[in-house]
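This briefing goes through one protein chain by topic, from overall architecture to individual side chains. Please keep the sequence and the coordinates at hand while reading.

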Amino acid sequence: MNNEVDTTKKIIWFKAKKYGAGWKPVTWQGWVATIAYVLLIYIDTLDTIKFDQIVSHSNSDTVIHFLIPFFLITFLFLGLTEATCSETFKWRWGSKK
């Protein structure tokens with residue numbers, strides 16, 4: 001009898017949407033990751049508004065303080081979803097019959 005644990009099984013937090021492109025969370029870990037992403041983007045937006053009102057003297061300052069964190073957070077979230085999803089990213093038109 002072999003008592004080894006199968007470590008090759010992929011953990012799935014996100015499942016492909018039935019219509020459209022992308023994934024939806026299906027486990028509590030996926031929901032926590034999604035909520036954390038939304039909160040981080042919200043915090044980034046609030047910090048940018050605060051920065052813009054106090055310090056910013058140009059649009060480039062606002063772009064640098066908003067877009068760089070926004071893209072970094074988004075790419076990290078997309079990497080997480082890609083690593084923990086059930087299928088590849090593609091457009092779907094519903095179930096095939």
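Which pattern does the protein chain follow when read along the sequence? The order is β-β-β-α-α-β, and the chain accordingly has 2 helices and 4 strands. The model is a predicted one, with an average pLDDT of 83 for the protein chain and a score of at least 70 for 82% of the residues.

**Architecture and confidence**

- Among the elements of the protein chain, strand β3 (residues 23-25) has the highest mean pLDDT, at 91, whereas strand β4 (residues 92-93) has the lowest, at 85.
- Of the contacts in the protein chain with a separation of 6 or more, 60% are made by residues that stand 24 or more positions apart.
- The protein chain has 97 residues, of which 23% count as buried.
- The accessible surface of the protein chain comes to about 7800 Å², and carbon and sulfur atoms hold 67% of that area.

**Aromatic pairs**

- A search of the whole structure finds 7 aromatic pairs.
- One of these pairs joins phenylalanine 14 and phenylalanine 77 in an edge-to-face arrangement, with 6.0 Å from centre to centre and 90 degrees between the planes.
- This pair links distant parts of the chain, since phenylalanine 14 lies in strand β1 (residues 14-16) and phenylalanine 77 in helix α2 (residues 59-83), 63 residues apart.
- Phenylalanine 14 has a relative accessible area of 1% and is therefore buried, and phenylalanine 77, with a relative accessible area of 16%, is buried as well.
- Elsewhere, ring pairs link Phe66, Phe70, Phe71 and Phe75 into a cluster.

**Buried polar residues in the helices**

- Threonine 81 is found in helix α2, and its relative accessible area of 2% falls under the 20% cut-off for a buried residue.
- Once residues up to four places away in sequence are set aside, threonine 81 touches Phe14 and Trp23; Phe14 is also a member of the edge-to-face pair with phenylalanine 77.
- Aspartate 44 belongs to helix α1 (residues 28-54), where a relative accessible area of 7% makes this residue buried.
- Which residues is aspartate 44 in contact with, leaving aside its neighbours within four places in sequence? They are His65, Phe66, Pro69 and Phe70, and two of these names, Phe66 and Phe70, recur in the cluster of linked rings.

**Helix α1 beside helix α2**

- Aspartate 47 is placed in helix α1 and is partly exposed, with a relative accessible area of 46%.
- Although aspartate 47 and phenylalanine 66 are 19 residues apart in sequence, their C-alpha atoms are 8.2 Å apart in space.
- Valine 63 has its place in helix α2 and is partly exposed, with a relative accessible area of 42%.
- Valine 63 and threonine 48 are separated by 15 residues in sequence and by 8.9 Å in space, C-alpha to C-alpha.

**Nonpolar surface patch**

- Trp31, Ile35, Leu39, Leu40, Tyr42, Ile43, Leu46 and Ile49 form a nonpolar patch on the surface, and together these residues have about 790 Å² of accessible area.
- One member of the patch, leucine 39, has its place in helix α1.
- Why can leucine 39 belong to such a patch? Its relative accessible area is 48%, and because patches are made of residues with over 30% relative accessible area, this nonpolar side chain meets that cut-off while counting as partly exposed.

**Salt bridge**

- Side chains of opposite charge can pair when their charged atoms come close.
- A search of the whole structure finds 1 salt bridge, and in that bridge the side chains of glutamate 87 and arginine 92 meet at 3.0 Å, N to O.
- Are the two partners buried or partly exposed? Glutamate 87 counts as partly exposed at 40% relative accessibility, whereas arginine 92 is buried, with a relative accessible area of 10%.
- Arginine 92 falls within the residue range of strand β4 (residues 92-93), the element with the lowest mean pLDDT.

Note on methods
Residues are numbered from 1 along each chain as its sequence is written. This is a predicted model: local features need pLDDT of at least 70, side-chain atom pairs count only at pLDDT 80 or more; totals for chains, interfaces and linings use all residues. Side-chain values use heavy atoms; hydrogens and water are left out. Buried means under 20% relative accessible area, exposed over 50%, partly exposed in between (1.4 Å probe, protein chains only). Contact means heavy atoms within 4.5 Å. Rings of Phe, Tyr and Trp (its six-membered ring) pair if their centres lie within 6.5 Å; planes under 30 degrees apart count as stacked, over 60 as edge-to-face and the rest as tilted. Accessible areas come from the Shrake-Rupley method with a 1.4 Å probe; for residues, only the protein chains shown count as cover. A salt bridge is a side-chain nitrogen of Lys or Arg within 4 Å of a carboxyl oxygen of Asp or Glu. Patches are made of residues with over 30% relative accessible area and no salt bridge: like charges are joined within 9 Å, nonpolar side chains (Val, Leu, Ile, Met, Phe, Trp, Tyr) within 5 Å. pLDDT is the predictor's confidence in each residue, from 0 to 100.
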